[in-house]
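Work through the exercises below with the model open. Try each task before reading its solution.

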Amino acid sequence: MGKRLIPQRRARGGSHYRSPSHRHVDDVRIPHYEQVEGTITDLIQAPGRTSPLAVIDYDGKKSYQLAVEGTSVGQKVEIGTKNVAIGNILSLANIPEGTLVHNIEGMPGDGGKFVKTAGTSALVVSRGRVVVLSMPSGVLKEFNPNCRAVVGIVAGGGRTDKPLAKAGKNYLTLRSRAKANKKTSGVAMNAVDHPHGGGSHPHVGGPNCHGRTAPPGQKAGFIAPKKKNKKRK
């Protein structure tokens with residue numbers, strides 16, 4: 001009898017793929033303040049995140065935000081103003097072209113959805129009816145001018161410079177993010193264990209592209225691949 005595929009195992013949940021929420025500090029969302037000034041009171045480690053968190057005091061109310069590269073304890077940060085300084089939270093309509101931003105809202109008021117990994121940032125390319133940002137992947141994406149973002153680069157960008165050096169450290173690092181540290185390729189399995197398994201040599205044996213709406217047991221290979229636009233000569 002074969003075993004469940006990794007997508008099936010992940011879909012079922014359980015202790016192996018459950019994020020250790022008791023270790024997480026808090027959800028990082030941009031506060032719903034029209035205009036307020038706060039002070040960074042502490043910089044802390046956040047298990048499950050690639051970057052440290054900044055503890056900000058807004059008139060007696062504590063908020064956790066992604067630490068920005070170049071900020072320090074005691075620094076003042078502002079929300080809703082037009083002061084384009086590192087760590088301030090502004091609407092994209094008030095951020096000039098050429099500014100690096102992160103923790104960008106996909107819709108006005110959702111608290112921030114894009115560019116939240118350590119060392120990443122997006123570049124404001126143009127402003128108008130929509131604001132165009134150059135994402136870390138290089139893709140140009142349009143946003144509502146009323147969406148807010150944090151000015152600066154997410155701290156912790158040098159985390160990949162130091163190697164993990166041993167498997168145990170890699171296991172503990174990925175465990176805090178609910179990710180498996182080992183992965184066996186499908187072609188290395190038996191036919192009963194994976195759609196790509198079996199045969200006397202590592203070859204899939206047929207098309208390995210599946211739709212986005214396919215069930216977890218069928219999603220083995222390329223999921224919803226897009227056709228490359230090749231220029232014809």
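Two strands count as paired if DSSP finds at least two bridges between them. The model is a predicted one.

**Exercise 1. Trace the strands S7, S8 and S9.**

Task: How many residues lie between S7 and S8 in their hairpin? Which residue of the S8 and S9 hairpin takes a positive phi?

Solution.
- Step 1. Start with S7 (122-126) and S8 (residues 131-134). They pair in the antiparallel sense over 3 bridges. That passes the cut-off of at least two bridges.
- Step 2. Find a facing pair. Val124 stands opposite Leu133 in S8.
- Step 3. Inspect the connection. S7 and S8 form a hairpin with 4 residues between them.
- Step 4. Move on to S9 (residues 140-143). S8 and S9 run antiparallel, joined by 4 bridges. Here Val131 faces Phe143 in S9.
- Step 5. The hairpin of S8 and S9 has 5 residues between the strands, and Gly138 is the one with a positive phi, near 100°.

**Exercise 2. Place S1 among its partners.**

Task: In which sense does S1 run relative to S4, and in which sense relative to S2?

Solution.
- Step 1. Take S1 (residues 36-44) and S4 (residues 76-79): 4 bridges join them, and they run antiparallel. Val36 stands opposite Ile79 in S4.
- Step 2. Take S2 (residues 53-58): 5 bridges join S2 to S1, and the two run antiparallel. Leu43 stands opposite Ala54 in S2.
- Step 3. Keep a background rule in mind. In a regular strand, side chains alternate between the two faces of the sheet.

**Exercise 3. Describe the surroundings of Glu105.**

Task: Is Glu105 buried or exposed? Which backbone nitrogens does its side chain reach?

Solution.
- Step 1. Locate Glu105 in the loop between S6 (100-102) and S7.
- Step 2. Check its accessibility. Glu105 has a relative accessible area of 0%, so it is buried. The cut-off is under 20%.
- Step 3. Look for polar partners. A polar atom of the Glu105 side chain lies 3.1 Å from the backbone nitrogen of Gly109. The side chain also reaches the backbone nitrogen of Gly111, at 3.3 Å.
- Step 4. List contacts, leaving out residues up to four places away in sequence. Glu105 touches, among others, Ile30, Phe114, Phe143 and Cys147.
- Step 5. Follow one of these contacts back to Exercise 1: Phe143 is the residue opposite Val131.

**Exercise 4. Check the cysteines.**

Task: How many disulfides does the model hold?

Solution.
- Step 1. Recall the chemistry. A disulfide is a covalent bond between the sulfur atoms of two cysteines.
- Step 2. Apply the cut-off: the sulfur atoms must lie within 2.5 Å. The count comes to 0 disulfides.
- Step 3. Look at two cysteines. Cys147 is buried, because its relative accessible area is 0%. Cys209 stands at 45%, so it counts as partly exposed.

**Exercise 5. Explain two unusual phi values.**

Task: What is the phi of Asp59, and what is the phi of Val115?

Solution.
- Step 1. Set the expectation. Most residues other than glycine have a negative phi.
- Step 2. Read Asp59. Its phi is positive, near 50°. Asp59 sits in the loop between S2 and S3. At 66% relative accessibility, it counts as exposed.
- Step 3. Read Val115. Its phi is also positive, about 60°. Val115 sits in the loop between S6 and S7. With a relative accessible area of 11%, it is buried.

**Exercise 6. Survey the empty space.**

Task: What is the volume of the largest cavity, and what is the volume of the largest pocket?

Solution.
- Step 1. Count cavities of 30 Å³ or more: there is 1. The largest cavity has a volume of about 110 Å³.
- Step 2. Examine its lining of 14 residues. Closest to the centre are Ile56, Gln65, Leu66, Val68 and Gly87.
- Step 3. Assign the lining to strands. S2 and S3 (61-66) each supply at least two residues. The largest share, 3 residues, comes from S2.
- Step 4. Turn to the largest pocket, with a volume of about 650 Å³. It is lined by 26 residues, and Ile6, Pro7, Arg10, Lys183 and Thr184 lie nearest its centre.
- Step 5. Find the main contributor. Helix H1 (residues 6-12) gives the most to this lining, with 4 residues.

Definitions and conventions. Residues numbered from 1 in each chain as written. Predicted model: local features only at pLDDT ≥ 70, side-chain atom pairs only at ≥ 80, totals over all residues. Heavy atoms only, no water. Buried < 20%, exposed > 50% of the residue type's maximum accessible area, 1.4 Å probe, protein only. Polar contact = N/O pair within 3.5 Å; in protein donor to acceptor, adjacent residues only side chain to side chain. Contact = heavy atoms within 4.5 Å. 1 Å grid on protein atoms, 1.4 Å probe; cavity = no way out; pocket = protein on both sides within 12 Å on 5 of 7 lines; lining within 4 Å. Points joined across faces, edges and corners; volume = space filled by probe spheres on them.
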